[in-house]
Amino acid sequence: MCGIIGVENTQDAATLVAAGLMTLQHRGEESAGITISGNANMKTFRSMGLVSRLVNADALNKHDGTAAIGHVRYTTSAKSSLINAQPFQIECIHGQVAVAHNGNLTNFIKLRDTLLKKGAIFNHTSDTEIFLHLIAMSKGNFPNVVAKSMSLVEGAFSLVVLRDKTLIGARDVNGFRPLVLGKLGNSYIVASESAAVEVLGGKYIRDIKPGEIVVIEDGKIIKSFFYKKPKKQHTCIFEQVYFSRPDSVAFGQSVKAARMKMGQFLARQMKGIKADIVMPVPDTGYYAALGFSRESGILFEQGFVRNHYLGRSFIKPAQNMRDMTAKLKLRPIKEVIDGKEIIVIDDSVVRGTTSRRMINVLKEAGAKKIHFVLSCPPIIGPCYYGIDTPLKEHLIAATQSVEEIRKYLGVESLTFLELKNLVNSCCPSQTCKSVFCTACFTDKYPTRISKDAYKECG
Ligand code: SF4
């Protein structure tokens, strides 16, 4: 997953983008970047690690501009490098152009091969570079050129594009990844999440629609059009389960409200369960556990203290230190857990290894019985749309039954949220049941997936 933001028509563009990126930091901690434009030559600053490292750079603070875009990136550690940090900036027939992307292109390899045969030279290994090649090779009105590039790619892409003082926000026709439009004084903001708009003092206006391209200049929307007619959207339901901040609105629904409902539905699925406390695995399990507690009447407790400073930059330890890492990330509060029958709510089980370690930590803290509860169904397929889930063979639920997973985890009971209840939790209205992508739970993908689909966040 990644986070993107763009701001225009303000002398504070770079500062606002930096602050917005900090709000989107949960969407990617491996690299950060900002491109500034509008006053002087376009300039891009990128660095590995957190946004705070980038913001401290003197050069960034000295470079004025009235428009800026930014990106935070999450990838698998092996493919994480400065060369792939975004935004990407080029000089082409349209002048200086920069792009930042959240998503995954499913026809990347095919497009890349075609462009290589035509003589294209690639500087990055990320799929995002495809957009720049396609833009550079097309002539005509710039928004139409962006539209043409989008019509040639498949998969998931929310984009912010910058050219001089023109800011473009665009979403793929399925609407996999979120992208919202906000207003701050005389400026427009485009961001992955509404919280990033509101933290800047701006107002969330609406979602950019699937397939829509919004062109903004001098504080005005000068054009809004569709590069392709949207048929049926497939917004990622996992945004509500895990990725988006609870203080954001994702796809028209409050994330906090959706997670509370997930907890309520889980409590109904487990009607009659007896336990001393219900506790979340922080941070994503928090509202689901609260919803469970309110529905069931079982006492809500915080049994874990999460270490917020570990981050993904923490070097993966040797095998014999893995248990210590689990304890570093989540420290149990013994007086809450010791001697209790507990319901523990987490967002999902992927490989199962992290969950097992966390459960062992609870047992060591004295938990008498553990009921492990997940606020989504079993994950049985990888994501090809911008989420770094492993391949099928590494997904525990793809190869083992719920009972086998329960035994492996060593818990009293194991409950997954039923798919219909997940969809109902995330539905702002009764008519929205077909709008979500649920492919990682159903193995039914809404788009063609080529054998060599590029599985890395852009
Ligand atoms: S496959 Fe899963 S994680 Fe990926 S877009 Fe669909 S619902 Fe989201």
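This passage describes strand S7, the sheet to which it belongs, and the residues around the ligand in a predicted model. Local features were considered at pLDDT of at least 70 and side-chain atom pairs only at pLDDT 80 or more, whereas totals for chains, interfaces and linings use all residues. Residues are numbered from 1 along each chain as its sequence is written.

Six strands (DSSP runs of E, at least two residues, numbered from the N terminus) form an open sheet in the order S5-S6-S7-S8-S12-S13, with antiparallel pairing, where two strands pair if DSSP finds at least two bridges between them. Strands S5 (88-92) and S13 (220-226) are the edge strands, each pairing on one side only.

Within this sheet, S7 (residues 155-163) is largely enclosed by the rest of the structure, because nine of its nine residues are buried (20 or more other C-beta atoms within 10 Å of the residue's own, C-beta atoms being placed from the backbone). Strand S6 (residues 95-105) pairs with S7 in the antiparallel sense over nine bridges, and Leu105 stands opposite Gly155 in S7. S7 also pairs in the antiparallel sense with S8 (residues 166-171), over six bridges; Val160 stands opposite Gly169 in S8, and Val161 has Ile168 as its bridge partner there. A hairpin with two residues between the strands is formed by S7 and S8, and Asp164 in its turn has a positive phi of about 55°.

The residues around the ligand (C-beta atom, placed from the backbone, within 6 Å of the molecule) include Phe176, Cys236, Tyr385, Thr438 and Cys440. By class, this shell has ten nonpolar residues, one polar residue and no charged residues, with Ala, Val, Leu, Ile, Met, Phe, Trp, Tyr, Cys and Pro counted as nonpolar, Asp, Glu, Lys and Arg as charged, and the others, Gly among them, as polar.

Methods
Buried ≥ 20, exposed ≤ 12 C-beta atoms within 10 Å, placed from the backbone. Helix = DSSP H or I, 4+ residues; strand = E, 2+ residues; numbered from the N terminus.
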